[in-house]
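User: Here's a protein for us to go through together. Please keep it casual and explain the terms as we go.

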Amino acid sequence: MASFPHYVKLNNGAHMPIIGLGTFQVKAGELEAAVETAIEYGYRHIDTAWAYTNEKDIGNALKRVFDAGKLKREDIFVVSKPTDGNAVFPRKDGKLVIDYEADLVDTWKGMEDAVDAGMTKAIGLSNFNSEQIKRIYENARIKPANLQSKRVTSFPHFMLLPIFTVECHAYFPQFKLFEFCKELNITFTAYGPLGNPSLSRFLKETEGIDAVLPNLLKDTSIQAIAERNQKTPAQILLRWLIQRGIIVIPKSSKPIRIKENFEIFDFNLSEEEVNQINALDKNIRLFKYDGMEDHPNFPFKIPF
């Protein structure tokens with residue numbers, strides 16, 4: 001079996017680890033240990049955001065790693081996502097109270113200034129659709145290098161790195177958006193790569209929403225492929241994505257899951273298996289962003 005790269009090359013020449021630790025929904029009391037465990041098992045990419053309110057905890061964990069001489073700061077790829085003005089929009093009757101509309105291009109120019117000032121090595125986008133990406137790309141002096149989709153508090157979302165992040169998993173594979181980004185040399189990060197099996201519980205605890213969501217890990221096709229390869233369903237789903245060249249940021253605080261999620265470089269999915277997973281596309285977006293539809297920059301009004 002040919003070796004598989006652990007990194008994706010960005011359009012500024014930097015190398016971004018193809019697997020990172022997702023930290024959205026990880027409980028504060030468990031996060032620092034999860035970060036240190038991930039680094040111990042080989043992770044060199046940590047994903048966070050201002051809206052997660054966990055950047056300080058991640059910083060504490062990384063400081064201990066650096067102070068112990070285990071790694072240097074330049075060894076770790078940290079992704080964060082500021083909101084416009086770092087303010088969470090207020091809500092009324094479950095809807096966002098819209099009091100201003102950010103200009104995407106103006107905001108991007110501010111991100112470019114951050115690169116010029118040496119505050120970050122790269123910048124990117126999160127939760128943008130193809131039209132929004134194109135507008136930024138055509139007006140950018142520094143081109144976005146990555147797209148990421150996240151559950152966020154406002155739209156759009158800018159990232160302190162050159163990538164693009166979106167919800168992407170076997171039930172929502174984002175084929176068209178991925179190809180669109182590929183043509184622009186923008187790398188692609190999948191959040192919710194396992195279908196986020198804990199999302200139902202999270203919505204119930206935080207928003208009082210009783211949501212019955214499909215559990216991708218229990219899909220019989222995925223389970224059959226996992227058994228054939230002597231891997232877990234999660235490892236199959238992650239491997240399918242990285243074989244497409246997509247960066248993944250699975251979330252877990254359990255050491256065994258963190259370890260298993262990283263052990264995806266010692267096998268290949270066959271062409272037949274890849275096609276089987278491709279065929280699972282149900283066009284199901286699990287992250288609905290209810291109450292945000294009236295936001296002027298809401299990105300999910302068009303197919304991709």
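**A charged residue, a helix and a core**

User: Which residues does Arg 285 contact, leaving aside its neighbours within four places in sequence?

Analyst: Contact here means heavy atoms within 4.5 Å. Setting those sequence neighbours aside, Arg 285 is in contact with Glu 167, Phe 172, Gln 174 and Phe 300.

User: What kind of model is this?

Analyst: Residues are numbered from 1 along each chain as its sequence is written, and side-chain values use heavy atoms, leaving out hydrogens and water. Local features need pLDDT of at least 70 and side-chain atom pairs count only at pLDDT 80 or more, while totals for chains, interfaces and linings use all residues, since this is a predicted model.

User: Which side chain of opposite charge is nearest to Arg 285?

Analyst: Arg 285 is buried, meaning under 20% relative accessible area (exposed is over 50%, partly exposed in between; 1.4 Å probe, protein chains only). Lys and Arg count as positive, Asp and Glu as negative, with His and the chain ends not counted. A salt bridge needs a Lys or Arg side-chain nitrogen within 4 Å of a carboxyl oxygen of Asp or Glu. Arg 285 has no such bridge, and at 4.3 Å the nearest oppositely charged side chain is Glu 167.

User: How many residues of H8 are buried?

Analyst: Helices (H or I, at least four residues) and strands (E, at least two) are DSSP runs, numbered from the N terminus. The cover over H8's buried residues includes helices H5, H7, H9 and H10, plus strands E12 and E13. H8 is largely enclosed by the rest of the structure, because the buried count is 9 of the 11 residues.

User: Is Gln 235 buried or exposed?

Analyst: Gln 235 sits in helix H8, and its side chain reaches the backbone nitrogen of Thr 232 at 2.9 Å. Beyond residues up to four places away in sequence, Gln 235 touches Glu 260, Glu 263, Ile 264 and Phe 267. Its relative accessibility is 4%, so Gln 235 counts as buried.

User: Which helix gives the most residues to the largest nonpolar core?

Analyst: A nonpolar core is a set of buried Ala, Val, Leu, Ile, Met, Phe, Trp, Tyr and Cys residues joined through side-chain atoms within 4.5 Å. The largest has 69 residues, and Ile 236 is among those touching the most other members. With 7 residues, the top contributor is helix H8.

User: What share of the protein's residues count as buried?

Analyst: The protein has 10 helices and 13 strands. Of its 304 residues, the buried share is 52%.

Conventions: A polar contact is a pair of N or O atoms within 3.5 Å; within protein, one must be able to donate a hydrogen and the other to accept it, and residues adjacent in sequence count only if both atoms are side-chain atoms.
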